[in-house]
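User: I am in my first year and would like a close look at one part of a protein model. Please take the sheet and what packs around it, and explain it plainly.

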Amino acid sequence: MRKFLILAGVFVSITAAHVVFGQAQGVITYEVKVNLHKRLPPERAEMKAMIPEFRTTRAQLFFTDAESLSKPLIEDEEDEIGSGGGPQIRIAQPNNEYYLNQSSGKFISKMEFMGKDYLIVDSVKVSPWKFGTETKTIQGRVCKQAFYTDESIPDRKQEITAWYTDQIRPLLGPEKFNTLPGTVLAVDINNGERYMVASKIEFRPLKKNELKEPVSGQKISSSEFTKFTQEQMKKMGGSGGMIIKH
């Protein structure tokens, strides 16, 4: 009941936000930096000599006053690292999409795993955010701090710190980080293991098909998808999107 009341309160804030921010729409581009060495399990520590420490990609968040779609900006299908006759490390970027409809409270995740798309249709889940006192400026917007511990994946606890601004609109952010009373412009996962930060903010009319509700993929529940991917990851030795080719 308490979670419902919190969620209802957050969604009520949208109505007030519309008065302030109007029918704003546009796209936010994020730089996404992943520490590949931190993501390696202890038993794969020898792979540090075979791959760079960091990999940087980009993602985009398309939004209107009531909808948003977060997805990667696919510039290279994959990276292959290695030379000579040694093994090649292929780092694939999953084409995951996250769609939020604030009017209906519907949240859809289209997840790519091992070359197949899975569709998770759910309602918005408000994360147990706690609010800090620190602030920082990102792309000219003053941002406030919020954080929580994500324990949704067994044996993979994640410390999440987000920076959000109330100068755009509430309930907007990359991926699943969209339940704060503002727009999330940066997310730090596990103290630098993965870091997303806004590199560009554009207010403009969206082009046709830039923001579409994902509909393709095998329908699966969130718990079923987590269980399935964890089982497959164990079979692959916990290397995630890194595949060793000899």
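User: Over the ring of which residue does the charged end of lysine 33 sit? Please start there and then work through the sheet around it.

Analyst: The ring is that of phenylalanine 54, and the charged end of lysine 33 lies 4.5 Å from the ring's centre. Keep in mind that this is a predicted model. The mean pLDDT of the protein chain is 83, and 79% of its residues reach 70 or more.

Phenylalanine 54 belongs to strand S2, which covers residues 54-63. Lysine 33 falls within strand S1 (26-35). The two strands run antiparallel and are joined by 10 bridges. One of the bridged pairs is isoleucine 28 with leucine 61 of S2. Strand S2 has 10 residues and 7 of them are buried, so the rest of the structure largely encloses this strand.

On from S2 comes strand S3 (residues 67-73), again antiparallel, with 6 bridges between the two. A hairpin of 3 residues makes the connection from S2 to S3. Phenylalanine 63 stands opposite serine 68 in S3.

These strands are part of an open sheet of 12 strands with mixed pairing. The order across the sheet is S9-S10-S11-S12-S13-S1-S2-S3-S6-S7-S8-S14. At the edges are strand S9 (130-138) and strand S14 (218-219), each of which pairs on one side only. As background, strands of a sheet pair through backbone hydrogen bonds, either parallel or antiparallel.

Next, the packing. In soluble globular proteins, nonpolar side chains tend to be buried together. The largest nonpolar core here has 19 residues, and those with the most contacts inside it are Trp129, Ile160, Phe177, Leu180, Val184 and Val187. At least two residues of this core come from each of strands S1 (26-35), S10 (141-150), S11 (158-165) and S12 (183-189). Valine 187 shows how such a residue is surrounded: beyond its neighbours within four places in sequence, its contacts are Ile160, Thr161, Ala162, Pro174, Phe177, Arg194, Tyr195 and Met196. Another core, of 14 residues, lies apart from the largest one and includes Tyr30, Ile138, Cys143 and Leu172.

Now to strands S7 and S8. Strand S8 (residues 116-123) runs antiparallel to S7, and 8 bridges join them. Isoleucine 108 has valine 121 of S8 as its bridge partner. The loop between S7 and S8 contains methionine 114. This residue is not a glycine, yet its phi is positive, at about 55 degrees. Methionine 114 has a relative accessible area of 55% and is exposed. Something similar can be said of the loop between S9 and S10, where glutamine 139 is found. Phi of glutamine 139 is near 50 degrees, a positive value in a residue other than glycine. Its relative accessible area is 38%, which makes glutamine 139 partly exposed.

The aromatic rings come next. A pair of aromatic rings is described by the distance of the centres and the angle of the planes. The structure holds 7 aromatic pairs. In one of them, tyrosine 98 and phenylalanine 107, the ring centres are 6.5 Å apart and the planes meet at 25 degrees, so the pair is stacked. Tyrosine 98 and phenylalanine 107 are both buried. Phenylalanine 113 and phenylalanine 228 form an edge-to-face pair, with 5.8 Å centre to centre and 75 degrees between the planes. Phenylalanine 113 is in strand S7 (residues 106-113) and phenylalanine 228 is in helix H3 (residues 222-235), so this pair ties together parts that are 115 residues apart in sequence. The relative accessibility of phenylalanine 113 is 13%, so it counts as buried. Phenylalanine 228, at 25%, counts as partly exposed. Both belong to one aromatic cluster, formed by Phe113, Tyr118, Phe225 and Phe228.

Finally, a word on confidence. Among the elements of the protein chain, S12 has the highest mean pLDDT, 98, and strand S15 (residues 242-245) the lowest, 40. For residues 1-9 pLDDT stays under 50, and the model has 3 contacts beyond four places in sequence for them. Over residues 12-23 pLDDT also stays under 50, with 14 such contacts.

Terms used: Residues are numbered from 1 along each chain as its sequence is written. This is a predicted model: local features need pLDDT of at least 70, side-chain atom pairs count only at pLDDT 80 or more; totals for chains, interfaces and linings use all residues. Side-chain values use heavy atoms; hydrogens and water are left out. A nonpolar core is a set of buried Ala, Val, Leu, Ile, Met, Phe, Trp, Tyr and Cys residues joined through side-chain atoms within 4.5 Å. Buried means under 20% relative accessible area, exposed over 50%, partly exposed in between (1.4 Å probe, protein chains only). Helices (H or I, at least four residues) and strands (E, at least two) are DSSP runs, numbered from the N terminus. Contact means heavy atoms within 4.5 Å. Rings of Phe, Tyr and Trp (its six-membered ring) pair if their centres lie within 6.5 Å; planes under 30 degrees apart count as stacked, over 60 as edge-to-face and the rest as tilted. A charge sits over a ring if NZ of Lys or CZ of Arg is within 6 Å of the ring centre and within 35 degrees of the ring normal. pLDDT is the predictor's confidence in each residue, from 0 to 100. Two strands pair if DSSP finds at least two bridges between them.
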